[in-house]
Every structure is written in C-alpha cells, then in structure tokens.
Amino acid sequence: MAQPIPVPAQQAGRQEGRAGAVIGALAAAGITVAVMQTLVIPLIPDLPALLDTSPSAASWVITATLLAGAVATPVTGRLGDMYGKRRVLLLCLGLLVAGSAICALGDSLVPILVGRALQGCAMGVIPLGISIMRDELPPERMGSAMALMSASFGIGGALGMPVSAAVAQATDWHTLFWGSAGLGVITFALVVALVRESPVRGGGRFDLMGALGLSAGLVCLLLAVSKGGDWGWSGTPTLALFAAAPVILLLWGAYELRARTPLVDLRTTAKPRVLLTNLTSVLVGFSMYVMQLVQPQVLQLPAETGYGLGQSMVAAGLCMAPSGVVMMLVSPLSARVSARWGPKTSLITGVAGVALGYAVGIPLMTEVWHLVLVSCIIGAGIAVAYAAMPALIMSAVPVTETAAANGLNALMRSIGISSSSAVAGVLLASMTTSFGGAEVPSPDGFRAAFAVAGVSALAAIAVALFIPAHRPARPVATHPEPGTLESPTGTASRPA
C-alpha cells in the first residue's frame, strides 16, 4: 500500500493560516450584515419625528429590509452557484455599502426606504459564505467554520444592539449608517484580499421568470404577515395578500418543475432531509425572535409598572450582548456534536436548549440577570441549531447547488422570524395593562409570548426527529480543480 506523502510543516502552516483568514473574513462579513439588520431598532420610537412622517409609514423602514432580504437571498444564492459565490458575495456587500451611504445622506422617508432595501439585499452573504467554506476549506476545518458562519447572524445582532443604542443616544442618528458603510467597506476589502473565487459552477441560464414569481409570492406573504397588525388582520388588503400568496406560489412551483434551470430545484428541495430541515428552520426562526422582541421591552418598561426593570436603551442593549458572546463560544460545539453523532443530533440538541431557555424564562422575569441568563441559554441553543442546518442541507444537495440551497434555508428562517414578529405583536397588543394613561404589554402577555416560542421549539424537535439520519455515501468534490465540477478521485463524505 502506498504511503501518504507527508506535508512539510511550513506548507501545512501556510494552509492553516489561509483557512483561518478565509473563515475570519467570511464571518466578519456575516456579522456585518447582522449588525445592519439591527441598526435601526434603537431608532424605532423616534423614526416618525426624525423622518417627518407617520408611525405607520415609518414602520416601512423595517418592512423594506425584510422584503428585500427575503427576495434577494434565494436569488443571490442561485447567482452564486452560476457565476461565482465570491463575486456575488462582493456584490451583496457593495449593495450594503451603497444602501448605508444613501441612508446616511437621507433625511426623509423615501431615501431611507431605498437605502434599507439595498441593505436588505445583503442578506445573501451568510448562505453564500457557508457555501464558499464548503468549496475552499479542508474537511477538518469545515464543521467549526460553518458553525461560526451560521451563528454570525445571531452574534452580530446581539453585539450590534448595544453599540447601535449607544451611538444613537450619544450622536446624530446618521452616524449609525456611516458606521455601517465603514464596516461594509472593511469586510469588502477583507474578502477581496483573503477569499479566492470557487471554481465550482452550476451553469445554465438564470431563471428570471422563476425569480419574479417567487418574489411576488414572498412579497404577498411577508407583507401580509408584517403589516397585518397595522392594516387589521381582517382588513381587505391583508386578506387579499394572504389569498394571493398561496396561488402565486403554487403557480410558481408548477413553472419551476418544468423549467430547465430552475431558480429553486423543487425536486431536490422535496427530499426529506432538505424539506424537514427547512420546516424545522421556520420553527426555530420563530422561537429565536420572540426573545429579541420581549427582552428589550421588559428591560425598558418603567419599574413603576411593578414588572418593568427600568433600564435605559443602552443598558438594555448591553444586556443582550452576553448572548452574542455565548453564541460565538458555543458554535464550535455543534461541529463536535455533528462529527460524533451527526448534524441531526446537533440540531435537536440545540432546539432543546431553546425550549429549555423559554421554560426557564416564564417564571424568571423579575431581575435583569434573569433575562440575561435566559437569553444566554436560548442563544447557546440557537448557535448549535443554526450550525447544524447547513450540514444537513449540503449533505443532501449537489455540490453545484449549495448556495441556492443554503439561501432557501435562510429564507425559511426569515419566514419564521416574520411570523414570530406578527404573532408576538398580536399577543402583546391583546394582553395589556394601563400605565400612565397608556396601554402597555402585561406580564401575562410576555409570558404567553415565551410559552408560544417554547411550543414552537418543541414542534421543531418533533419535525427534526423525522429527518433521515443517514444517506448513501457518494463522491463529493471538496476541492475541485479549476474548470471541473467534481474531483475525479474524491471520495470524501460528510457525516450524517
């Protein structure tokens, strides 16, 4: 038997250093995008006055980013598979910088909406980064790297909140967007310098009709979910959008099944391993976002209510930061669990942690440290669960479709987050108490929101239990040669 040729220590060190640089650059890009998402949260109460508009119109600043991200994520994933993942990732970062600059220069609603929509188009960075890691990293680094990249959305959101709150409180609000533009430029330069283009290509023509159909269906669905509270859940616009969404998406699905190079390969998506992982992602996204909605409100409500903790905006943001640190520290654990017992076990373990966090949180809401502890437990569970999802997805899709498949999985999480915002909003609006002449959410409302999130996590576990644990091994192109789609001798397989 031929003995393996030893790799010189100097060469091995260079390879290890390059892998670390790639991971660092891509994780920084993911965290930057996540920071952008939470950038305007501290401004929400003041947006109508800052933009000289109504509260209903100002809420479009959030909705525009949501809709743009939902539409762009699967589209940029498919473009990355076709034309180069690094190239499309850089395009996304460029749109983030452009959108940030437009917002930084704007003082009225329209330019802010345009800028926030462009920022939302950068949401494809995280699934693209995960796919680049699969193509470029050695197998021994891939698990922990994808775990960190998957968790970067939560890490950036948790760490960005206190910084955004402090900047918004201490300086002009435009500084937030100049800071976002600066972060975008830095991460753009890091990716250019440290990440090379993957040679893996899917080929084919871009499915424009498929992109338009999916966009129309998603806009109808997410617009109804996100604006139903403002328009009325039984109002004509809301009901019309809810009715149109399934019709459009069914027609889109029928078209995609006949398309030669579909935007989303529905036959691959229908595989049990992919389908059930995506359904689990919706439920996990739902569970995750409830904590982000409830925690700041409980922390900032006046102590005179009897259950509010009377913290400032900056202090409330700082209380969210520990969960981001926990996610960063815990995410590599998912890779170890997946390597030993498979990503399905890792996913179930993480979601069980989320359910435990909400169970602990229902009785523990009376002290600041209670909420910090609960958010850390939930954050740890989210980090482990999110890290397992790409491993499950990519073990079941062709190497030429990884970016599109990861983009669809990210979209599923976004749908869960949007639904969570709507459901929690209804609960908190319907369970109120009077304070100072105004209606504020009651403690029962907060506990009910936690209970619903916990039930969603339990439902996610129930779905995940049916994910097939094993699949037949097949050759996988971990490091294909330029111009090829699969290594002719590659036999590496990923853990089930």
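The following dialogue examines how the features of this predicted model are assigned.

Colleague: What are the ground rules for the values?

Modeller: This is a predicted model, in which local features need pLDDT of at least 70, side-chain atom pairs count only at pLDDT 80 or more, and totals for chains, interfaces and linings use all residues. Residues are numbered from 1 along each chain as its sequence is written, and side-chain values use heavy atoms, with hydrogens and water left out.

Colleague: What is the average pLDDT of the protein?

Modeller: The pLDDT, the predictor's confidence in each residue from 0 to 100, averages 84, and 91% of the residues score at least 70. Over residues 471-496, however, the pLDDT is below 50. Beyond near neighbours in sequence, that stretch has 54 contacts in the model, a contact being heavy atoms within 4.5 Å.

Colleague: Why is the pair Asp135 and Lys85 called a salt bridge?

Modeller: The term requires a side-chain nitrogen of Lys or Arg within 4 Å of a carboxyl oxygen of Asp or Glu. For Asp135 and Lys85 the N to O value is 2.9 Å, so the pair satisfies the definition. Asp135 belongs to helix H7 (residues 125-136) and Lys85 to helix H5 (residues 85-105), 50 residues apart. Helices (H or I, at least four residues) and strands (E, at least two) are DSSP runs, numbered from the N terminus.

Colleague: What makes Asp81, Lys85 and Asp135 a network?

Modeller: Lys85 also forms a salt bridge with Asp81, whose closest N and O atoms are 3.9 Å apart; salt bridges thus link Asp81, Lys85 and Asp135. Asp81 and Lys85 are both buried, and Asp135 is buried as well.

Colleague: How do you know whether Glu136 and Arg196 are buried or exposed?

Modeller: Buried means under 20% relative accessible area, exposed over 50%, and partly exposed in between (1.4 Å probe, protein chains only). Glu136 has 6% relative accessibility and therefore counts as buried, whereas Arg196, at 47%, counts as partly exposed. Their side chains meet in a salt bridge of 2.6 Å, N to O. Arg196 lies in the loop between H9 and helix H10 (208-231) and Glu136 in helix H7, so the pair ties together parts 60 residues apart in sequence. The structure holds three salt bridges.

Colleague: What makes Leu183 eligible for a surface patch?

Modeller: Patch residues need over 30% relative accessible area and no salt bridge; like charges are joined within 9 Å, and nonpolar side chains (Val, Leu, Ile, Met, Phe, Trp, Tyr) within 5 Å. Leu183, in helix H9 (residues 174-194), has 37% relative accessibility and so counts as partly exposed. Together with Ile186, Leu190 and Leu194, Leu183 makes a nonpolar patch of about 300 Å².

Colleague: Why are E1 and E2 said to pair?

Modeller: Two strands pair if DSSP finds at least two bridges between them. Four bridges join E1 (residues 432-435) to E2 (residues 438-441), which run antiparallel, so the criterion is met. Val440 in E2 is the bridge partner of Thr433. The strands form a hairpin with two residues between them, and Gly436 in the turn has a positive phi of about 60°.

Colleague: Why is Asp52 called exposed, and Pro48 buried?

Modeller: Asp52 has 70% relative accessibility and therefore counts as exposed. Asp52 occupies the loop between helix H2 (47-51) and helix H3 (55-58), and has a positive phi of about 55° although it is not a glycine. Pro48, in helix H2, has a relative accessible area of 17% and so is buried. Leaving aside neighbours within four places in sequence, Pro48 contacts Thr53, Ser54, Pro55 and Ala58.

Definitions and conventions:
Areas by Shrake-Rupley, 256 points an atom, 1.4 Å probe, with all protein chains shown as cover.
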